Amino acid sequence: MRILHFDCSMGAAGDMLSASLLELTEDKSAALERLNAMGVPGVRFEAEPSVKCGVAGTHLRVTVQGEEEGEPGRDHGHEHEHEHEHEHEHEHEHEHEHEHEHTHEHEHSHDHAHRSMADIEAVVEALNVPAAVKAHVREVYRLIAAAESAVHGVEVSEIHFHEVGSMDAVADVAAFSLLLHELAPERITASPVHVGSGQVRCAHGILPVPAPATALLLRDVPIYGGQIRGELCTPTGAALLKHYVNSFGPMPVMVPEKIGYGMGKKDFPAANCVRAFWGREDDSTDEMYSLECNLDDMTPEQLGYACQVLREAGAAEVYTQPADMKKDRPGAVLKVICRPDRRRELAELMLRHTTTIGVREIPFRRYVLTRRIETVETPYGPVRKKISSGYGVEKEKYEHDDLARIAREQDLTIREVLDRLR
């Protein structure tokens, strides 16, 4: 299984995540040409070498009409979407390190118009990317819009994005989505997300870190603060992780083949980067979880139905074990074995379909043989055979459904069918 793991120990921004994927490509220049050919209005991508704490990586510079989006107090130099209902002042941070205030027209002759969510979706629809990529870009931006809508207390349709910031965000989301589409991982994981600490200044005033929209986007995602002052995770970075990542936690056991370093703009005591690990899972072991609960007040019919629901929802194994409960009541321990990305949904189903008020979660690893299916031609028609191998062992087993079919057709027992096939 091809796996992609993001190390977010210094947070995540859209440009940093995209730059980490750009470093994983076979031909960075060709990939950059494809990004610039997407057709985000007025946007140009440039890959710049960057070194943080002695580690070399790539900074993905995104300009809109020649201007790079940046705001005072923003550690990664990224967009901050917000609602606008009237003429107001904008603040920007420029390379010559001074701040100024202006209304919609200013000395750079840049039209600071605003775009609605419908405008953004029209831009996405016109992108020169596969339909699947467009669908992902729309979903990620809808997450951002929904978070901003909740923060400002207005409908999504009333949210308007500052044009430079919105195009910067569309560019980041589209770049990440296209590069990920081309990489095509089978599983995406990420570490808990470092959000930073302190406060950040935006057009609405001074806000706590993580900013309100970022905090909403990171619901149900493991996050933490720390001693580093500043906003390490941006709304766009949070939305990309929320949409794409299958599970958050420690790096899974994997065999890395490439490591990409996506660099931020600011310098900190720690290397300001997102690391992307690309490789394959160790075929010899699987990372799994056991979900367990004790039950002593369910009928066999009710428990049987719960087990059926859990199997249909994607559990690898579901079974019960008899056990003595409180007050010497006979009961059962319900155990559900699943992969990491399924455990939350399955735990919720256990709470819904059983009488338990709590579910235990136990991570573990299992050793597995590599499995394949071969079809063997026999006098009774094709029969599938499961072959498992590894650790110096090889095992073969005919599929039971095929054996049962032959037994019914030939009026034989399963044992007789096996003897004839051998």
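Q: Which residues lie nearest the centre of the largest pocket?
A: This model is predicted. Its largest pocket has a volume of about 540 Å³. The lining is made up of 19 residues. Nearest the centre of that pocket are Asp220, Asn246, Ser247, Phe248 and Arg344.

Q: Which element gives the most residues to the lining of the largest pocket?
A: The elements that give two or more residues to this lining are α7 (235–244), β16 (247–248) and α9 (343–353). The top contribution is five residues. The element that supplies them is α9.

Q: How many helices and strands are there in the protein chain?
A: The protein chain has 422 residues, and 51% of them count as buried. The chain's helices and strands were counted from the predicted model. The count is eleven helices and 25 strands.

Q: What share of the contacts with a separation of 6 or more is between residues 24 or more positions apart?
A: The contacts in question join residues of the protein chain with a separation of 6 or more. Within that set, pairs 24 or more positions apart account for 67%.

Q: What share of the accessible surface belongs to carbon and sulfur atoms?
A: The accessible surface of the protein chain comes to about 20,700 Å². Carbon and sulfur atoms hold part of that area. Their share is 48%.

Q: Why does the salt bridge between Glu257 and Arg2 tie together parts far apart in sequence, and by how many residues?
A: The closest N and O atoms of Glu257 and Arg2 are 2.6 Å apart. Glu257 lies in strand β17 (residues 254–263), and Arg2 lies in strand β1 (residues 2–7). The pair therefore ties together parts of the chain whose separation in sequence is 255 residues.

Q: Which residues are linked with Arg2 in a network of salt bridges?
A: Arg2 is partly exposed, at 27% relative accessibility. Glu257 is partly exposed too, with a relative accessible area of 42%. The network that holds Arg2 also takes in Glu257 and Arg280.

Q: Which helices does the salt bridge between Glu182 and Arg34 tie together?
A: The two side chains meet at 2.9 Å, N to O. Glu182 belongs to residues 163–183 and Arg34 to residues 28–36, so the bridge spans 148 residues in sequence. Glu182 is partly exposed at 38%, and Arg34 is partly exposed at 36%. The helices are α5 and α2.

Q: Is Arg61, which forms a salt bridge with Glu48, buried or exposed?
A: The Arg61 and Glu48 side chains meet at 3.9 Å, N to O. Arg61 lies in strand β3 (residues 55–64) and Glu48 in strand β2 (residues 43–52), so this pair ties together parts 13 residues apart in sequence. Glu48 is partly exposed, at 28%. Arg61 has a relative accessible area of 17%, under the 20% cut-off, so Arg61 is buried.

Q: How many salt bridges are there?
A: Among them are Glu257 with Arg2, Glu182 with Arg34 and Arg61 with Glu48. The count for the model comes to 25.

Q: Why are Cys8 and Cys233 in no disulfide, and how far apart are their sulfur atoms?
A: The count of disulfides is zero. Cys8 is buried at 0% relative accessibility, and Cys233 is buried at 0% as well. The closest cysteine sulfur to that of Cys233 is in Cys8, too far for a bond because a disulfide needs sulfur atoms within 2.5 Å. The separation is 7.5 Å.

Q: What covers the buried residues of α10?
A: Helix α10 spans residues 400–410. Its buried residues include Asp402, Leu403, Ala404, Ile406 and Ala407. The cover includes β24 (381–390), β25 (393–398) and α11 (414–421).

Q: Which residue with positive phi follows α10?
A: The phi of this residue is near 55°. The residue is Asp411.

Q: Where does Val195 lie, and how far is its C-alpha atom from that of Pro210?
A: Val195 lies in the loop between β10 (193–194) and β11 (196–197). At 4% relative accessibility, Val195 is buried. Residues that Val195 touches include Pro210, Leu218, Tyr224 and Cys233. Pro210 is 15 residues away along the chain, and the C-alpha separation is 5.9 Å.

Definitions and conventions: Residues numbered from 1 in each chain as written. Predicted model: local features only at pLDDT ≥ 70, side-chain atom pairs only at ≥ 80, totals over all residues. Heavy atoms only, no water. Helix = DSSP H or I, 4+ residues; strand = E, 2+ residues; numbered from the N terminus. Buried < 20%, exposed > 50% of the residue type's maximum accessible area, 1.4 Å probe, protein only. Contact = heavy atoms within 4.5 Å. Areas by Shrake-Rupley, 256 points an atom, 1.4 Å probe, with all protein chains shown as cover. Salt bridge = Lys/Arg side-chain N within 4 Å of Asp/Glu carboxyl O. 1 Å grid on protein atoms, 1.4 Å probe; cavity = no way out; pocket = protein on both sides within 12 Å on 5 of 7 lines; lining within 4 Å. Points joined across faces, edges and corners; volume = space filled by probe spheres on them. Lists of a residue's contacts leave out its neighbours within four places in sequence.
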